[in-house]
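Work through the exercises below with the structure open beside you, and try each task before you read its solution.

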Amino acid sequence: MELVKLNRVYKSFLADKRPSLRTLFSKNQKRTLVLKDISFKVEAGALLGIIGKNGVGKSTLLRLIGGIYEKDSGEVITRGDIASIFELGSFFNSYLTGKQYCRDYFRFKGINGSKLNALCDSIYEFTQLEDFFCEPVRSYSSGMQARLLFAVATALPAKIILIDEFLVVGDEYFRGKAWKRLQQFLSMGATGIIVSHDWVSLLKLCQQCLVLTREGIDYFGPSYKAVRRYLNMPFQRSDEITFVNIDKMLKEMVYAVSGEPFNYNFQAQSLEKFKDNAISVGFCIERHIEGIGWSLITIGLSNININPDTKINITISIEDFCLAPGEYLLCLFLSAPLEKGQRSITKGYESLTWLNGNPIRLVVKGENKSNQLITKKLQWKIV
């Protein structure tokens with residue numbers, strides 16, 4: 001069941017930042033269109049990331065969902081209470097202390113007495129602001145403000161959690177605490193939406209992302225594909241060494257069985273401009289785990305001889321493929337050969353990776369009695 005649903009939503013603002021009364025009531029107002037034909041939905045238990053350049057309307061979209069702005073047209077449907085964590089300047093009064101801010105916020109929510117005191121105590125403990133909790137908010141650093149704002153907004157259970165640029169502030173330890181609290185809400189059927197420029201954090205936290213542009217939604221889908229589209233990193237073909245039948249490689253799903261041998265076969269081709277007699281073939285297997293991010297399961301690299309203007313067959317072989325069942329990404333790399341003692345690649349030819357938007361999808365079947373992602377070190381070879 002979706003808790004947030006938008007259908008063909010448009011939003012504009014007056015072009016004149018200081019309109020006169022005559023302008024306000026005029027039928028010929030000049031307006032700037034900020035959001036254009038926005039449609040998407042977020043299911044219960046999901047955390048959606050929204051990414052885009054400055055000025056495309058990310059924060060405006062979040063405020064439309066939160067009920068702060070009114071749409072021009074379309075539908076904005078929300079089901080359940082909303083907890084909003086907007087920009088750090090959204091405090092009622094920056095001269096209030098952290099404790100006073102908490103008390104005023106919950107009184108505004110109709111909470112008083114012992115429950116109010118208990119909530120303030122829990123926020124004091126969660127934020128770990130110590131003596132600063134009784135100091136004016138205006139004296140807080142951005143990280144301290146983020147702690148307070150997040151703790152207050154999520155102190156009460158909510159079905160929809162809206163977060164604007166929260167991930168770019170605060171230390172790593174507090175981000176971990178914040179994510180654990182978000183996980184608790186999501187596990188109980190809540191929905192979260194995060195707006196941020198920090199694409200690394202969105203990759204880590206969100207399985208799906210929405211890429212927003214001035215023309216509307218540019219992409220909505222898996223986070224790694226959304227980030228690649230946002231970064232605009234197209235696949236570059238090499239005129240020296242290339243994969244053979246790339247389109248076929250990317251269309252075919254690769255299957256493996258946990259605990260059994262795994263072999264993946266593909267071809268590489270050297271072109272006329274290639275002058276060396278060897279290449280380095282590498283691979284890695286990655287998996288996205290919500291809340292943790294991308295886990296690098298294994299990586300291998302080996303030099304293989306190749307003659308100019310020829311094709312060669314290459315096999316990645318793993319004797320005991322002891323990975324937990326699930327979906328993974330198999331990434332491949334072709335580069336210049338590594339000399340003895342060399343640790344870094346000096347020249348890359350082609351790569352099939354999630355960052356290029358063209359990884360190979362790998363599905364591992366079987367049972368996982370150990371409940372671990374990997375049970376022992378993988379022994380691999382490239383021939």
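The exercises concern a predicted model, and residues are numbered from 1 along the chain.

**Exercise 1. Describe the protein chain as a whole.**

Begin with the secondary structure, which comes to nine helices and 19 strands. Next, consider burial: of the 383 residues in the protein chain, 45% are buried. Then turn to the surface, where the chain exposes about 20300 Å², with 48% of this area supplied by carbon and sulfur atoms. Finally, look at the contacts between residues at least 6 apart in sequence, of which 75% join residues at least 24 apart.

**Exercise 2. Find the salt bridge between Lys 36 and Glu 215, and explain what the pair ties together.**

The structure holds eight salt bridges, and in this one the side chains of Lys 36 and Glu 215 meet with a distance of 3.5 Å from N to O. To place the partners, note that Lys 36 lies in strand 2 (residues 31-43), while Glu 215 lies in the loop between strand 8 (208-213) and strand 9 (216-222), so the pair ties together parts that are 179 residues apart in sequence. For the last step, compare each accessibility with the cut-offs, under 20% for buried and over 50% for exposed. Lys 36 counts as partly exposed because its relative accessibility is 33%, and Glu 215 counts as exposed because its value is 60%.

**Exercise 3. Decide whether Glu 240 is buried or exposed, and describe its salt bridge with Lys 347.**

In this salt bridge, the closest N and O atoms of Glu 240 and Lys 347 are 3.0 Å apart. The pair links distant parts of the chain, 107 residues apart: Glu 240 is in the loop between helix 8 (223-231) and strand 10 (241-243), and Lys 347 is in the loop between strand 16 (326-335) and strand 17 (348-352). With a relative accessibility of 17%, Glu 240 counts as buried, whereas Lys 347, at 35%, is partly exposed.

**Exercise 4. Sort the residues of strand 5 by face, and name the sense in which strand 5 pairs with strand 6.**

The general rule comes first: in a regular strand, side chains alternate between the two faces of the sheet. In strand 5 (residues 82-85), Ala 83 and Ile 85 make up the covered face, while Ile 82 and Ser 84 make up the uncovered one. Strand 5 then pairs with strand 6 (residues 160-164) in the parallel sense, over four bridges, and Ile 82 stands opposite Ile 160 in strand 6.

**Exercise 5. Work out the order of the open sheet of four strands, and name its edge strands.**

The strands of this open sheet follow the order 10-12-15-19, and their pairing is antiparallel. Strand 10 and strand 19 (380-382) are the edge strands, since each pairs on one side only. Neighbouring strands of the sheet are turned by 25° against each other on average, direction ignored. As a closer view of one pairing, strand 15 (residues 311-318) meets strand 19 over three bridges in the antiparallel sense, with Ile 382 of strand 19 as the bridge partner of Ile 316.

**Exercise 6. Locate Pro 157 and state how exposed this residue is.**

Pro 157 lies in the loop between helix 5 (142-153) and strand 6, and its relative accessible area of 63% makes it exposed. To relate this position to another part of the chain, take Met 188, 31 residues apart from Pro 157 along the chain: the C-alpha atoms of the two residues are separated by 9.6 Å.

Conventions
This is a predicted model: local features need pLDDT of at least 70, side-chain atom pairs count only at pLDDT 80 or more; totals for chains, interfaces and linings use all residues. Side-chain values use heavy atoms; hydrogens and water are left out. A salt bridge is a side-chain nitrogen of Lys or Arg within 4 Å of a carboxyl oxygen of Asp or Glu. Helices (H or I, at least four residues) and strands (E, at least two) are DSSP runs, numbered from the N terminus. Buried means under 20% relative accessible area, exposed over 50%, partly exposed in between (1.4 Å probe, protein chains only). Two strands pair if DSSP finds at least two bridges between them. Axes are lines fitted to C-alpha atoms, for helices over the stretch in contact, and angles run from 0 to 180 degrees between N-to-C directions. Contact means heavy atoms within 4.5 Å. Accessible areas come from the Shrake-Rupley method with a 1.4 Å probe; for residues, only the protein chains shown count as cover.
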